[in-house]
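Hi everyone, thanks for making time this morning. Let me put the structure up on the screen, and then we can walk through it together.

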Amino acid sequence: MKTVSISLNSIDKVKSFVNDISKFDFDFDLVSGRYVIDAKSIMGIFSLDLSKAIELNIHAEGDALENVMKVLQPYLV
């Protein structure tokens with residue numbers, strides 16, 4: 001598992017983020033304070049405070065993790 005900080009400060013960013021990570025078969029969790037939600041859930045993301053950076057837990061390893069990191073570049077803080 002790897003944890004990175006991301007910024008989803010607009011509706012368009014949230015939509016493209018969910019579309020990008022939904023292509024992968026493994027799990028992603030967004031952590032904001034005491035809340036942990038499925039990062040593939042667009043409704044769940046909108047329940048978080050999007051004005052600040054959010055932690056993303058990526059449950060992948062090796063080549064899969066490298067591919068995800070390339071896709072996540074536009075969202076990283």
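**A walk from the strands to the surface**

Let's start with one pair of residues: Val4 has Leu56, in strand 4, as its bridge partner. Please keep in mind that what you see is a predicted model. That pair belongs to a wider match, since strand 1 and strand 4 run antiparallel and share five bridges. Strand 4 also pairs with strand 2, again antiparallel, through four bridges. There you can find Val31 opposite Glu55 of strand 4. And how many residues of strand 4 are buried? Four of the five, so strand 4 is mostly covered.

Now on to helix 1, residues 11–21. Its buried residues are Val14, Phe17, Val18, Asp20 and Ile21. Looking down the axis, these buried residues fit within an arc of 160°, which means they line one face of helix 1. A reminder that may help here: an α-helix has 3.6 residues a turn, so residues three or four places apart point the same way. What do the buried residues of helix 1 pack against? Their partners are strand 1, strand 2, helix 2, strand 4 and helix 3. On the other side of helix 1, Ile11, Asp12 and Asn19 are exposed.

Ile11 takes us to our last stop. Together with Ile42, Met43 and Phe46, Ile11 forms a nonpolar patch on the surface, with about 400 Å² of accessible area in total. Which element gives the most to this patch? That is helix 2, residues 42–46, with three residues. Met43 sits in helix 2, and Met43 counts as exposed because its relative accessibility is 64%, with the cut-off at over 50%.

Conventions:
Residues numbered from 1 in each chain as written. Predicted model: local features only at pLDDT ≥ 70, side-chain atom pairs only at ≥ 80, totals over all residues. Heavy atoms only, no water. Patch = residues over 30% accessible without salt bridge, like charges linked within 9 Å, V, L, I, M, F, W, Y side chains within 5 Å. Areas by Shrake-Rupley, 256 points an atom, 1.4 Å probe, with all protein chains shown as cover. Salt bridge = Lys/Arg side-chain N within 4 Å of Asp/Glu carboxyl O. Helix = DSSP H or I, 4+ residues; strand = E, 2+ residues; numbered from the N terminus. Buried < 20%, exposed > 50% of the residue type's maximum accessible area, 1.4 Å probe, protein only. Arc of directions from axis to C-beta. Contact = heavy atoms within 4.5 Å. Pairing = 2+ DSSP bridges.
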